[in-house]
Amino acid sequence: MEPIFALDIGTRMVMGLVMIKNEDQTYEILASAQTEHRQRAMYDGQVHDVDEVARAVDTVKTQLEKKIDTKLKQVAVAAAGRALRTEVAVVEQKELLPVRWEREKVLALEIEAVHQALRQLQSSANEELQSYHCVGYNTIARWNEGEEIANLVGQRGRVAKVSVIATFLPRTVVDGLVAVLGRVGLEMTSLTLEPIAAGQAAIPPNMRRLNLALVDVGAGTADIALTRSGSFFAYGMVPMAGDEVTEEICTQYLLDFKVGEKVKRELQKKKQLSFTDFLGAKVVVGQSDILEIIEPVVVRLAENISNEILKLNNGVPHAIILIGGGSLTPLLSELLAETLGIPQNRVGIQVRDRLAGISGEKTLKGPETITPIGIGIAALEGNGLQYYTVSVNGTSVPIFALQLATVAEALLAAGIQPRSFLGKPGAALTFELNGEMQVIRGTLGSPAQLLVNGKPSKLDQSLNARDEIIFTPGESGKDAQICFKDVLPLYVTKWILWNGQSEKYVPQIFVDDQLVCETDQIRDGYKVAYLNNNDLDNLLQQKKYNINQKEAIEITVNGELLRFELDRQVWVNNCLAEGNRPIQDGDSIETRLKELTVGDLKLKPQPMVFHINEEEVEYPIQEIIITSQGQPVSESELLRDGTELRVSGYKQKPILSELLPYVKFPDKVHTGETLTLTVNGQPAEFTTVLHPGDRLKVNWKKVNN
């Protein structure tokens with residue numbers, strides 16, 4: 001196999017190895033080089049000063065190139081294990097009508113689910129948009145019309161749903177590494193995670209069946225990986241490590257950080273240490289005094305690591321394996337054993353000498369060499385995330401091939417929204433027409449145009465390094481737009497006479513009781529009432545003439561007000577219309593009230609009443625006389641609102657002699673008696689004109705001579 005360049009960019013140190021895999025399946029380190037950052041340029045595994053980190057990487061690269069006499073152009077690196085994120089997301093797509101789910105639509109739906117996972121991650125992590133690289137995803141489940149199904153492609157339905165699990169790395173972590181490597185002319189071809197790489201080197205596969213905890217104690221963080229049943233099953237991180245101890249020494253003795261780091265490293269070797277503080281004073285102090293100062297910090301570090309192990313492992317593991325430069329921190333292994341309650345000999349530091357199958361560069365011995373060796377093994381075995389770049393619309397996009405990369409994944413990594421992969425159909429227009437729901441569909445959208453290296457492509461096409469993708473977003477269909485006249489039936493204009501007036505009779509369109517024009521646009525949700533010009537009912541509705549409504553007229557009879565409710569009638573061409581009927585061009589339509597004649601009133605006059613000899617006497621009606629405004633009217637006369645009638649039973653008032661037949665005279669009249677007549681106490685004659693209510697006295701009286 002070709003040699004690989006493995007690079008471990010740590011918080012304190014940069015170490016590089018050139019390794020090869022031999023035919024006997026062992027690994028050989030051809031060359032190694034390392035250097036420390038001149039200043040704090042890395043924090044918790046993330047690049048903070050690109051130029052300073054690039055300087056250290058360039059130093060290591062130059063040293064290695066001299067040793068192997070070959071230019072190094074490609075490199076395998078590792079990212080902090082705590083940076084990996086996974087999210088499960090579910091999305092669904094609804095269509096107005098059933099459609100067939102083709103592969104392009106299903107793939108676009110899966111990528112939309114990955115975007116949803118990214119949004120969930122950003123929401124939970126309070127990160128800005130596009131702050132993570134998707135390094136792979138898998139579809140967990142698929143549903144069609146609510147039923148779980150093995151494969152959506154080719155199925156037909158209105159609602160499709162998919163669930164995916166997506167894996168992400170922070171862009172700041174990856175972009176920082178890429179930026180550093182680019183400064184020194186290196187191309188990243190493989191990326192692994194630090195705890196995975198360290199575990200591959202520190203714990204052989206046949207030992208992973210045991211429940212072991214691997215703790216990589218660096219300068220800023222302590223990464224944790226746990227094994228059980230033959231594999232690594234959990235990863236964790238504690239955000240403190242060797243730098244905490246160094247800072248405690250610096251604070252106590254007023255030291256520069258580099259001097260404090262040197263003091264910490266010499267603690268294991270010397271009983272008495274001497275150094276110069278920041279103010280230039282020479283300090284001599286015993287080993288035990290410094291150990292007493294740092295012990296509280298190391299206790300806190302041991303407790304944090306122990307708590308994280310117990311949380312991830314749900315119990316105490318069989319043993320603890322320490323690697324990384326921070327694992328040499330004084331008191332750490334003893335305090336870990338004490339905190340976890342395990343024997344001291346179950347906490348050990350893994351070093352290069354105990355790694356089987358690793359040859360070459362015998363000077364590499366410390367625990368800090370385990371992670372770079374693991375990075376090299378991961379790259380040689382192809383276990384890292386294969387990294388390469390493609391171009392999307394002229395922009396370089398990094399691709400991590402946890403699985404075979406496709407055009408869809410490249411577009412996703414370029415920040416192109418999945419909704420632009422397939423043009424959506426235009427929005428449909430729904431409205432009610434005379435109580436019935438109507439649907440007008442929008443136009444179909446056009447799919448995105450894809451070219452890979454100048455040739456037409458599809459979303460699921462696999463990619464190779466340096467492929468060039470030209471993406472033209474799909475265009476959404478146009479929303480439905482339509483005028484009233486486009487959905488209503490054709491009609492012929494008619495001319496009619498309405499109550500004697502010539503009028504044009506055309507259909508009418510109402511929206512919420514408001515008259516609209518046939519050329520107006522229909523809006524979504526309209527409730528439309530359409531009145532055609534084909535029959536009498538529609539005409540009356542247009543005229544807002546309710547045939548069932550009655551109309552009241554008022555007349556007076558002898559000064560008394562009378563009220564009558566009359567039925568409405570419609571006459572077509574002088575014929576009474578009974579119910580609905582067609583209306584033709586030229587028809588004459590009249591609205592009338594049902595006729596009411598004077599005779600229909602059956603008027604009867606009141607008889608005249610007189611008092612004769614203290615008895616009430618009715619003078620019979622002679623004839624019925626009806627007049628209006630002084631003019632006689634017949635019983636066939638039609639009544640109109642406001643008509644005033646007078647009804648009388650007599651042409652003229654009676655005279656006294658005409659009432660004598662109604663007087664009861666005595667059976668015998670004595671000699672010498674004469675008839676005396678008075679009206680209202682006054683003497684009267686036979687010809688005296690009477691008035692209703694007059695009081696008459698008619699008597700026979702004897703006349704004295």
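## Ile 309 and its surroundings

In this predicted model, Ile 309 touches several residues more than four places away in sequence: Ala 213, Val 215, Ile 224, Leu 226, Asn 314, Gly 315, Pro 317 and Ile 320.

## Two nonpolar cores

Ile 309 also belongs to the largest nonpolar core, which has 40 residues. Among the residues with the most contacts inside this core are Val 215, Tyr 253, Ile 290, Ile 305 and Ile 320, together with Ile 309. Helix H7 supplies the largest share of this core, nine residues.

A second core is separate and has 39 residues, including Leu 118, Tyr 132, Phe 168 and Val 392.

## Helix H5 against helix H7

Two packed helices are described by the angle between their axes and the distance between the axes. For H5 (residues 242-253) and H7 (residues 287-313), the angle is about 140° and the axes are 9 Å apart. The crossing of H5 and H7 is right-handed.

On the H5 side, the contact is made by Glu 244, Val 245, Glu 248, Ile 249, Gln 252 and Tyr 253. H7 contributes Ile 290, Ile 293, Ile 294, Val 297, Val 298 and Arg 300. Sorted by class, the contact has eight nonpolar, one polar and three charged residues.

## Helix H5 against helix H6

How are H5 and H6 oriented to each other? Their axes cross at roughly 105° and come within 8 Å. Angles of 65 to 115 degrees count as roughly perpendicular, so H5 and H6 are roughly perpendicular to each other.

In this contact, H5 residues including Val 245, Ile 249 and Cys 250 meet Phe 257, Gly 260, Glu 261, Val 263 and Lys 264 of H6. The classes here are five nonpolar, three polar and four charged residues.

Terms used:
Residues are numbered from 1 along each chain as its sequence is written. This is a predicted model: local features need pLDDT of at least 70, side-chain atom pairs count only at pLDDT 80 or more; totals for chains, interfaces and linings use all residues. Side-chain values use heavy atoms; hydrogens and water are left out. Axes are lines fitted to C-alpha atoms, for helices over the stretch in contact, and angles run from 0 to 180 degrees between N-to-C directions. Helices (H or I, at least four residues) and strands (E, at least two) are DSSP runs, numbered from the N terminus. A crossing is left-handed if the near helix is turned anticlockwise from the far one by less than a right angle, and right-handed if clockwise. Contact means heavy atoms within 4.5 Å. Ala, Val, Leu, Ile, Met, Phe, Trp, Tyr, Cys and Pro count as nonpolar, Asp, Glu, Lys and Arg as charged, and the others, Gly among them, as polar. Angles under 35 degrees count as roughly parallel, over 145 as roughly antiparallel, 65 to 115 as roughly perpendicular and the rest as oblique. A nonpolar core is a set of buried Ala, Val, Leu, Ile, Met, Phe, Trp, Tyr and Cys residues joined through side-chain atoms within 4.5 Å. Buried means under 20% relative accessible area, exposed over 50%, partly exposed in between (1.4 Å probe, protein chains only).
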